[in-house]
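Colleague: I am new to this model. Please take one loop and look at it closely, then show me how the rest of the chain is built around it.

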Amino acid sequence: MIEQLNQILQGLIDRYSKCGTVYEGSVLTNAVPAKTSTRIRQLTLPAGTYVIAASTGYSKDISSVMTACSIYLEGTRTLCTVRGTMMGGGGDCVTTIQAFDEEVTLSQMAYQGSTETVTASVTEFKAVRIK
């Protein structure tokens, strides 16, 4: 009985010792072509529950241009999206809480509706394990 309780406690310690781990996405590209959803950062997460945040800013200030920032679960679906404009260089930011039963790969997708390729000059893509 004591050995079983020790195993349970050790399992809980192992599980919760991973909480608070921060994962940061790697940069794939900073060039976002006109009117094309582009994978700009990517990260792989082990099974667990996470707060995931993505933000995108641009090198141009075009107030009439629509932008979007999304978090995409590879091979499956978009988890969340936010739309904005490129006014002042943009500033789209999206956050979600997600639980995964197995290792997953996520992508930060950026879209901008101008007529030219624009540089994503400020990007962040991070996940913090909470469970």
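Modeller: Start with Thr29, which counts as partly exposed because its relative accessible area is 25%. The cut-offs are these: buried means under 20% relative accessible area, exposed means over 50%, and partly exposed lies in between (1.4 Å probe, protein chains only). The model is predicted, so local features need pLDDT of at least 70 and side-chain atom pairs count only at pLDDT 80 or more, while totals for chains, interfaces and linings use all residues. Residues are numbered from 1 along each chain as its sequence is written, and side-chain values use heavy atoms, with hydrogens and water left out.

Thr29 sits in the loop between S2 and S3. Strands here are DSSP runs of E with at least two residues, helices are runs of H or I with at least four, and both are numbered from the N terminus. Not counting residues up to four places away in sequence, Thr29 touches Thr38, Arg39 and Ile40. Contact means heavy atoms within 4.5 Å. Now look the other way along the chain. Leu5 is 24 residues from Thr29 in sequence, yet their C-alpha atoms are 49 Å apart in space.

Asn30 belongs to the loop between strand S2 (26-27) and S3 as well. Asn30 is partly exposed, because its relative accessible area is 35%. Its contacts reach another stretch: beyond four places in sequence, Asn30 meets Val118, Thr119 and Ala120. Lys126 is 96 residues from Asn30 along the chain, and the two C-alpha atoms are separated by 17 Å.

After strand S3 (31-32) comes the loop that leads to S4, and Lys35 has its place there. The phi angle of Lys35 is near 55 degrees, a positive value in a residue other than glycine.

Some of these names return inside the protein. Ile40, a contact of Thr29, is in a core of eight residues that also includes Val32, Ala110 and Val118. Val118 is among the contacts of Asn30. A nonpolar core is a set of buried Ala, Val, Leu, Ile, Met, Phe, Trp, Tyr and Cys residues joined through side-chain atoms within 4.5 Å.

That core is the second, and it is separate from the largest one. The largest nonpolar core has 17 residues. Leu45, Tyr50, Ile52, Ile71, Phe100, Leu106 and Phe125 have the most contacts inside it. Strands S4 (38-45), S5 (48-57), S6 (62-73), S7 (77-86), S8 (90-100), S9 (104-112) and S11 (122-129) each give two or more residues to this core. Take Leu106 as a sample. Leaving aside neighbours within four places, its contacts include Arg41, Leu45, Ile52, Ile71, Leu79, Phe100 and Phe125.

Three more residues fill in the strands. Thr49 is found in strand S5. Thr49 counts as buried because its relative accessibility is 17%. Beyond four places in sequence, Thr49 touches Ile97, Gln98, Ala99, Val128, Arg129, Ile130 and Lys131. One of these partners, Arg129, lies in strand S11. Arg129 also counts as buried, because its relative accessibility is 9%. The C-alpha atoms of Arg129 and Glu74 are separated by 19 Å, with their positions 55 residues apart along the chain.

Ile62 is in strand S6. Ile62 counts as partly exposed because its relative accessibility is 25%. Outside its sequence neighbours up to four places away, Ile62 touches Met86, Met87 and Ser114. The C-alpha atoms of Ile62 and Met87 are 5.2 Å apart, and the two are 25 residues apart along the chain.

Now step back to the whole chain. The protein chain has one helix and 11 strands. The helix comes at the N-terminal end of the order, and the strands follow. The C-alpha trace spans about 70 × 25 × 20 Å along its principal axes. The radius of gyration is 18 Å, whereas a compact globule of 131 residues would have one near 14 Å. That radius is taken over C-alpha atoms, and the globule rule is 2.2 Å times the number of residues to the power 0.38. Of the 131 residues, 36% count as buried. Among contacts between residues at least 6 apart in sequence, 73% join residues at least 24 apart.
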